[in-house]
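Subject: Structure handover and notes

Dear colleague,

Please find below the structure that I promised to pass on, with its sequence. My notes on what was found in it follow.

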Amino acid sequence: MVAKQASTSKNSSSPPSSSPASSAPVETPTYNSYSEFERKLNVTKSITKKKPKMPPCAFFFYMEDFRKEFHEQNPDVKSRAREFSKACGEKWKRMTYEEKVKYYDIAIQKMAEFEIAMKDYTENKESGEYEDSDEDSDSDDYY
């Protein structure tokens with residue numbers, strides 16, 4: 001009987017209160033019509049199309065070179081993707097840093113170009129240049 005009283009007293013306690021930050025209402029954008037929503041979506045898509053893509057890492061630049069060698073040396077390989085990726089990964093792991101420097105240099109150069117392009121993109125976006133440009137939006141209709 002004592003055990004039941006202890007368990008009921010635990011169940012009757014109130015649940016822990018939530019923090020004030022989590023109880024704040026989430027603001028969702030409101031649109032007057034579907035066309036207004038669609039216009040906003042298309043503008044966002046055209047802005048994202050102009051955003052520069054992040055360059056690949058050094059391993060992917062190495063993979064481009066290795067792919068050519070691998071296909072020349074193994075023209076009869078049927079399941080190329082599996083065997084290629086295994087061979088590529090194993091060779092990359094065995095390479096010394098001095099051999100990999102060439103690919104790291106390419107990756108660093110591409111990253112520097114990306115950072116410059118990204119800086120230009122953010123400046124143009126903040127200045128409002130990309131706000132109402134609908135030139136690319138007509139190709140992405142989802143009707």
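**Helix packing and core**

The axes of helix 3 and helix 4 cross at roughly 120° and come within 10 Å, where axes are lines fitted to C-alpha atoms, for helices over the stretch in contact, and angles run from 0 to 180 degrees between N-to-C directions. Helix 3 and helix 4 are therefore oblique to each other, given that angles under 35 degrees count as roughly parallel, over 145 as roughly antiparallel, 65 to 115 as roughly perpendicular and the rest as oblique. Their crossing is right-handed, a term used if the near helix is turned clockwise from the far one by less than a right angle, with left-handed used if it is turned anticlockwise.

Before going further, please note that this is a predicted model, in which local features need pLDDT of at least 70 and side-chain atom pairs count only at pLDDT 80 or more, whereas totals for chains, interfaces and linings use all residues. Residues are numbered from 1 along each chain as its sequence is written, and side-chain values use heavy atoms, with hydrogens and water left out.

The secondary structure of the protein comes to 5 helices and 0 strands, both taken as DSSP runs numbered from the N terminus (helices are H or I with at least four residues, strands are E with at least two). Of its 143 residues, 20% count as buried, where buried means under 20% relative accessible area, exposed over 50% and partly exposed in between, with a 1.4 Å probe and protein chains only.

Returning to the first helix pair, the residues of helix 3 that meet helix 4 include M63, F66 and F70, and among their counterparts in helix 4 are F84, C88 and W92; contact here means heavy atoms within 4.5 Å. The residues of this contact divide into 10 nonpolar, 2 polar and 5 charged, with Ala, Val, Leu, Ile, Met, Phe, Trp, Tyr, Cys and Pro counted as nonpolar, Asp, Glu, Lys and Arg as charged, and the others, Gly among them, as polar.

Helix 3 also packs against helix 5, at an angle of about 120° and with the axes 8 Å apart, and that makes helix 3 oblique to helix 5. This crossing, too, is right-handed. On the helix 3 side A58, F61, Y62 and D65 take part, and they meet K102, Y103, Y104, I106, A107 and K110 in helix 5; by class, this contact has 7 nonpolar, no polar and 3 charged residues.

The largest nonpolar core has 12 residues, including F61, F84, W92 and Y103, such a core being a set of buried Ala, Val, Leu, Ile, Met, Phe, Trp, Tyr and Cys residues joined through side-chain atoms within 4.5 Å. Helix 3 (58-73), helix 4 and helix 5 (97-127) each supply at least two of its residues, and the largest share, 6 residues, comes from helix 3.

Within this core, F84 lies in helix 4 (residues 80-94) and is buried, with a relative accessible area of 8%. Leaving aside neighbours within four places in sequence, F84 is in contact with M63, F66, R67 and F70, while W92 is in contact with A58, F59, Y62, K100, Y103 and Y104.

Finally, K51 lies in the loop between helix 2 (34-50) and helix 3 and counts as partly exposed at 39% relative accessibility. With neighbours within four places again left aside, K51 is in contact with M118 and Y121.

With best regards
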